Structure formats: structure tokens, C-alpha cells
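Thanks, everyone. I will put the sequence and the model up, and then go through the parts one at a time.

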Amino acid sequence: MPNPQVIEHADKSELAASTGSRILAVINDAIENNGIAHLSLTGGTMGIAVWSAIAESGQARTIDWSKVHFWWSDERFVETGHADRNEKQAKDALLDSLEIPAENLHIMGASDVFDSVDKAAEAYTAELKKFAPEGQASPAFDLGLLGLGPDGHIASLFPDREEIHLTTFDSLAVRNSPKPPPTRVSMSLPVINRARKIWFLIAGSDKQDATARLRQAAELSDDQLTAEILTATPGAGARGAEETLILATQDAL
Ligand SMILES: O=C(O)[C@H](O)[C@@H](O)[C@H](O)[C@H](O)COP(=O)(O)O
């Protein structure tokens, strides 16, 4: 896999606007080449800001949204409609205003739908499998978007814990998350990495330390990424098959 590349942006709004345009270009390409696009979304400030930027730009109308599938790399296990839900934030920012068939929105289970977070995680593993090519456990995403926490986490894979080391293509239940809310569902790293492109969206000076660690790891080949590096900075393990971009604001670098 090629090593991650850094692209610097002046500020959050430039990062959101330019990433929004890039996302639409990836979707167009995927539809042109394969007739379908699979995107894996993230929550977090920038993860939502890109959808608001697309909404403001008016560019959304250029896409046939019936051909686009939305997945989430993690979700908060709270009830449907709760303001903490990553899917709710993305819907409010843009998705609800588009003509997307309900079956294209692959939403991780909410606490009013599943009586345990384990069942919500199992259901997502099954949903991924349903859309996987023959012999695979999940679809290959055309694009996976990721935020990076100030501690170096991605999705709900946090430092100094076991989850980042899971090697199966599953979604997993996360309890006692250091970032609230405490109960979550997350894709495992192998599922996240089944992506042609992975883009980190990173803004703000509180991300400097984590971004520096990510950039250090970006110099390493896949074989050099040790368990120790992954434990300290889970984001270091995320790499797309064709491309990994660190799209960041100046103050995050
Ligand atoms: O569920 C979550 O909390 C997010 O998916 C998480 O992984 C987020 O992307 C990062 O924490 C960055 O968030 P910010 O962009 O808000 O700093």
C-alpha cells in the first residue's frame, strides 16, 4: 500500500470545501467505472463539516445518489434521533435533503433497535457481508473518511486497548470508550482498510501531537507498523489500497 501523503489547508472551511469537492469526484468516478459507489463515513467535527460544505456548494445535484451507498466506521450506541448519533448529524447536514434510497443507508444499530451493543455489532457484520463480493466479508469502499482524535484514535478504536488489534473483518462492540458516549459500535481495522482510498480529515491545534505521530508512522512500510505503534496511535494503521491522504489544516500540522 502506498504511504500516506499530507495535504495542507488554510483552515477548517477550506478543508471542508475542498474535501467536499474531492468526495464528489470520487463518487462520480466510482459510478462511471462500476455503476455504484461505497463510502465509509466518520463522525466528528470535520466528518460532518464536509457534508455541510457540499450542501452549501449546491454541487450535490450533480450526483445520482441512488447509486451511492453510505456506511459508517463507527456509531454511538444511543437511541435513534439522538444528537450524538453520527448518522443523525450526517443526515441533518446533507443526506436528508438528497434522494437516497433507504436501503443505501447502512446505519449501525441504535439502542432503541437492539437490546445490546453486541447484537448491534453482529448485525453490522452481517450487513457488511450482505454487500460483500463473493468470498469477501465486506464491500471494498471507494473512499473511507476518518477523523483523528487528539489521542490518535480513529472510528471507535482507541489507544491502549485491544480493539485496534482485531484482525477479523467484523464490527465490534466498544464499551467504556474514553470519549463519550461510552458505548459504541466500530468497524475493525481490517474492514476500515478495505478501501481504495482513505482520507484523514484533521483540523485544530489540539491534533498536532496525534498528527505528528501519524506522519511519523506514514514514513514506515506496512511491515514496520508494530503492535506498539498501533496501540499508541490507532490511526497509524489506517491505509487505503491505492491512496491514503492526510487532509489537514495548517494548525493541526
Ligand atoms: O465517534 C466519534 O467520536 C468519531 O467517529 C471520532 O472518531 C472522530 O472522528 C474523532 O474523534 C475526531 O473528531 P473531531 O473531528 O470532532 O475532533
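I start with the shell around the ligand. Helix H2, residues 44-57, contributes the most to that shell, with four residues. Please keep in mind throughout that this is a predicted model. The shell has 16 residues, and those that come nearest to the ligand are Gly 43, Gly 44, Thr 45, Gly 147 and Gly 149. Sorted by class, four residues of the shell are nonpolar, ten are polar and two are charged.

Staying with H2, let us look at its packing partner. That is helix H1, residues 12-34; the two helices pack at about 75°, and their axes are 8 Å apart. An angle like that means H1 is roughly perpendicular to H2. Which residues meet in this contact? From H1 there are Lys 12, Leu 15, Ala 16, Ala 17, Thr 19, Gly 20, Ile 23 and Leu 24. On the H2 side there are Met 46, Ala 49, Val 50, Ser 52, Ala 53, Ile 54 and Ser 57. The residues of this contact count as ten nonpolar, four polar and one charged.

Now the sheets. One open sheet has six strands, and its order is S1-S9-S8-S5-S2-S3, with parallel pairing. At its edges are S1, residues 5-9, and S3, residues 68-72, and each of these pairs on one side only. From one strand to the next, the twist averages 20°. Looking at one edge of that sheet, S1 runs parallel to S9, residues 243-249, and five bridges join the two. Within that pair, His 9 stands opposite Thr 249 of S9.

There is also an open sheet of three strands, in the order S4-S7-S6, and here the pairing is antiparallel. Why do S4, residues 74-76, and S6 each have a side without a neighbour in the sheet? They stand at the edges and have a single partner strand each, so one side is left without a neighbour. In this sheet the twist averages 15° from one strand to the next. Between S4 and S7 there are three bridges, in the antiparallel sense. One residue pair to point at on the screen: Arg 76 has Arg 184, in S7, as its bridge partner. Helix H4, residues 117-130, packs on this sheet and touches S6 and S7, and its direction makes about 165° with that of S6.

Two backbone details next. As background, most residues other than glycine have a negative phi, and most peptide bonds are trans. Where does this chain have a cis peptide bond? It joins Pro 180 and Pro 181, with omega about -10°. Pro 181 is in the loop that runs between S6, residues 171-174, and S7, residues 184-187. The other detail is Asp 160, a residue other than glycine with a positive phi, near 60°. Asp 160 lies in the loop between S5, residues 141-147, and S6.

Last, the annotation. An unreviewed UniProt entry gives residues 11-218 the feature "domain: Glucosamine/galactosamine-6-phosphate isomerase". Over residues 11-218, the chain is 36% helix and 17% strand. The C-alpha atoms at the two ends of that stretch are 22 Å apart.

That is what I had on this model. I can leave it on the screen for the discussion.

Conventions. Residues are numbered from 1 along each chain as its sequence is written. This is a predicted model: local features need pLDDT of at least 70, side-chain atom pairs count only at pLDDT 80 or more; totals for chains, interfaces and linings use all residues. Two strands pair if DSSP finds at least two bridges between them. Axes are lines fitted to C-alpha atoms, for helices over the stretch in contact, and angles run from 0 to 180 degrees between N-to-C directions. A residue is near a molecule or strand if its C-beta atom, placed from the backbone, lies within 6 Å of it. Ala, Val, Leu, Ile, Met, Phe, Trp, Tyr, Cys and Pro count as nonpolar, Asp, Glu, Lys and Arg as charged, and the others, Gly among them, as polar. Angles under 35 degrees count as roughly parallel, over 145 as roughly antiparallel, 65 to 115 as roughly perpendicular and the rest as oblique. Two residues are in contact if their C-beta atoms, placed from the backbone, lie within 7 Å. UniProt positions are given in the numbering used here, feature names are shortened, and annotations may be inferred rather than shown by experiment.
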